[in-house]
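Reader: Hey, could you walk me through this model? I'd like to start with the metal and then move on.

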Amino acid sequence: MLLSITQYGNPVLRAVSAPVEHVDEAIVALANNMIETMYAANGIGLAAPQVGENLRMVVIDIPEDEEEEEEKSEPEMATVNGELRPIRELMPLVFINPTLEPYGKECPFTEGCLSVRNIRANVSRPERVKATLPQLDGSVLEIDCGGLLARCLQHECDHLDGFLFTDRVSSAGKITLAKKLKKLAQSY
Ligand code: NI
């Protein structure tokens with residue numbers, strides 16, 4: 001079932017979300033609906049507050065690099081529970097109650113968000129992440145990664161604490177975005 005995606009200005013995006021205490025049928029259904037909604041919107045990640053639920057749950061699906069050029073043919077890898085694996089094998093990734101430890105040097109990258117329409121902006125974040133990601137079946141993924149997955153994990157987990165990528169742009173960037181954001185907030 002497709003869910004409607006909450007938009008900038010909606011207070012649900014600004015709340016600190018509660019942990020998922022029990023994985024029941026409703027949580028599993030919500031996860032499946034979030035995945036379907038993410039695919040339909042051509043997104044690579046979606047956090048529960050973005051579908052109106054202040055719960056600490058996220059879905060991610062980073063597609064394989066479409067440009068299979070010679071230099072880009074190496075798949076993106078991550079250490080998963082001590083083993084180096086292509087991240088593709090983890091997708092779609094669903095987790096609850098994550099713990100993130102970003103590290104490494106800060107890197108700029110252009111981000112967008114399904115809850116902030118028509119705005120993309122440069123955001124600096126640490127380039128790597130150590131993440132503890134409890135799964136719906138009770139198992140836990142310990143991931144150490146860089147690249148787009150590290151970026152996406154930080155962006156999505158920010159949603160669980162009421163932060164949006166627009167909060168993370170430089171002061172100059174914020175001035176540039178101010179008018180557009182004001183408009184979005186008025187029209188959500
Ligand atoms: Ni987002």
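Author: Here is a short chat about the metal site and a sheet. The model is predicted: local features need pLDDT of at least 70, side-chain atom pairs count only at pLDDT 80 or more, and totals for chains, interfaces and linings use all residues. Residues are numbered from 1 along each chain as its sequence is written, and side-chain values use heavy atoms, with hydrogens and water left out.

Reader: Cool. What coordinates the nickel ion?

Author: C113 (SG), H155 (NE2) and H159 (NE2), at 2.1 to 2.3 Å. Donors here are N, O and S atoms within 2.8 Å of the metal (3.2 Å for Na, K and Ca), and water is not among the atoms, so the site may look incomplete.

Reader: And what spacing do the donors follow along the chain?

Author: C-x41-H-x3-H. C113 lies in strand β6 (residues 99-113) and H159 in helix α2 (residues 147-160), so the pair ties together parts 46 residues apart in sequence. Helices (H or I, at least four residues) and strands (E, at least two) are DSSP runs, numbered from the N terminus.

Reader: Is C113 buried or exposed?

Author: Buried, at 12% relative accessible area. Buried means under 20%, exposed over 50%, partly exposed in between (1.4 Å probe, protein chains only). H159 is buried too, at 1%.

Reader: Switching topic: what order do the strands of the open sheet have?

Author: β1-β2-β5, with antiparallel pairing; two strands pair if DSSP finds at least two bridges between them. β1 (45-47) and β5 (93-96) are at the edges with a single partner strand each, so one side of each has no neighbour in the sheet.
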